[in-house]
Amino acid sequence: MPMTEYQDTGPLKIGPDLDLSNLPGKSVIVTGGASGLGRAYVEAFAKAGSFVTIADFNETAGKEVVQNLAGKAQFVKCDVRNWDDQVRVFEAAVEASPHKSCDIVIANAGIVGKDDLYTLQDPHGPPVKPDLRIVEINLIGTIYTAKLAMHYMRRQPLESSRDRCLIIKASIAAYIDNAGSPQYNISKFGARALMRNLRRTIWEENIRVNLVAPWYVRTPILGQKVQDYLDGQGVGFALTEDAAKAMLKIASDTSVNGRALGIVPRVTAPEGYMDLDKDDYKEGDIVKTWQEIALATTRFLVE
Ligand SMILES: NC(=O)c1ccc[n+]([C@@H]2O[C@H](COP(=O)([O-])OP(=O)(O)OC[C@H]3O[C@@H](n4cnc5c(N)ncnc54)[C@H](O)[C@@H]3O)[C@@H](O)[C@H]2O)c1
């Protein structure tokens with residue numbers, strides 16, 4: 001069924017049941033699928049009967065994941081910063097999947113780390129060009145993935161049983177101030193901006209786009225020191241399996257579009273994920289008026 005323009009219909013209702021009956025045979029791409037959350041997504045989709053292509057630069061870990069999934073997944077070595085690497089991933093996904101298709105794309109690869117925008121150099125020495133690796137991986141890599149998803153999804157004929165689904169990975173850092181990590185903050189706000197932008201137009205191509213934004217989850221990205229600190233403060237973690245469930249929910253429920261699901265501790269939401277409902281303005285907010293005017297005019301700017 002053709003999609004209609006994005007409308008805010010209020011927060012998504014989330015219950016315990018998932019109907020995964022439309023996932024078998026789907027071709028799913030997961031960037032950063034060799035470890036942590038990405039690995040959990042790969043395993044969850046393979047279990048649901050989809051065929052998964054892992055795009056990651058960690059070859060050892062990626063091949064190990066594939067080995068345990070006997071024929072339901074393949075690994076393609078890829079640095080998401082490299083456009084040609086990503087093209088190879090999408091070509092391989094189409095080639096090896098049961099319907100020669102590209103149905104579900106999860107732009108997940110990301111890093112944290114020391115940030116030159118925060119760590120300032122000697123003011124008396126020469127200015128030092130910052131290393132922008134975090135933005136390059138988390139944001140530019142995600143932009144490449146989204147662009148390729150749109151390209152390859154548009155190539156295939158629409159079938160009633162298969163839809164086109166792009167899922168962009170952000171973080172709660174797309175909604176809060178992350179002191180000391182400007183690039184992480186920028187990249188996750190940017191990923192969120194990408195979802196909000198695309199939801200206004202790619203419905204015309206019958207592509208759904210949604211965002212997944214986790215709170216802290218115990219994966220290798222956090223490191224023991226951060227986890228110990230959070231434990232010491234009594235901060236609850238969100239769970240990897242709940243992040244995977246949220247991905248399955250978005251991929252399997254074709255009514256979900258333009259929403260941002262937060263992955264949160266179960267004390268906050270019983271299923272461990274919830275509609276954040278922070279990406280639409282409510283009646284009476286002046287920004288809602290500006291948003292409506294912008295929707296009517298911004299396309300003129302690119303004519
Ligand atoms: N774990 C958390 O607390 C948390 C919270 C919010 C958001 N996230 C986001 O979730 C995503 C996955 O994180 P994770 O926790 O699973 O971390 P992780 O370190 O376990 O996994 C990240 C994966 O991305 C891959 N990767 C890194 N740079 C790459 C590149 N240039 N090209 C290809 N692959 C690359 C790594 O090899 C690794 O397999 C990230 O975008 C992260 O920002 C994580």
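The dialogue below goes through the ligand shell and one salt bridge of a predicted model.

Trainee: What makes the Ser-35 pair with the ligand a polar contact?

Mentor: A polar side-chain atom of Ser-35 lies 2.6 Å from an oxygen atom of the ligand. The cut-off is 3.5 Å between N or O atoms, so the pair counts.

Trainee: Why does the Cys-78 pair count as a polar contact?

Mentor: A polar backbone atom of Cys-78 is 3.4 Å from a nitrogen atom of the ligand. That is within 3.5 Å, therefore it qualifies. Val-80 also places a backbone N or O atom 2.9 Å from a ligand nitrogen.

Trainee: How much of the ligand does the protein bury?

Mentor: The protein buries 94% of the 820 Å² that the ligand exposes when taken alone. The ligand sits in the largest pocket.

Trainee: Which residues make up its surroundings?

Mentor: There are 30 residues around the ligand, and Ser-35, Leu-37, Asp-56, Tyr-184 and Thr-219 come nearest. By class, 17 are nonpolar, nine polar and four charged. Helices H1 (36-47) and H5 (182-198) each supply at least two shell residues, and H1 gives the most, with three.

Trainee: Why is the pair Arg-192 and Asp-279 called a salt bridge?

Mentor: Their closest N and O atoms are 2.7 Å apart. The rule asks for a side-chain nitrogen of Lys or Arg within 4 Å of a carboxyl oxygen of Asp or Glu, so the pair meets it. Arg-192 is in helix H5 and Asp-279 in the loop between strand E8 (273-275) and helix H8 (286-301), 87 residues apart.

Trainee: How many salt bridges are there by this rule?

Mentor: The count comes to 27.

Key:
Residues numbered from 1 in each chain as written. Predicted model: local features only at pLDDT ≥ 70, side-chain atom pairs only at ≥ 80, totals over all residues. Heavy atoms only, no water. Near = heavy atom within 4 Å. Polar contact = N/O pair within 3.5 Å; in protein donor to acceptor, adjacent residues only side chain to side chain. Areas by Shrake-Rupley, 256 points an atom, 1.4 Å probe, with all protein chains shown as cover. 1 Å grid on protein atoms, 1.4 Å probe; cavity = no way out; pocket = protein on both sides within 12 Å on 5 of 7 lines; lining within 4 Å. Sits in = over half its atoms within 2 Å of the grid points. Helix = DSSP H or I, 4+ residues; strand = E, 2+ residues; numbered from the N terminus. Nonpolar A, V, L, I, M, F, W, Y, C, P; charged D, E, K, R; others polar.
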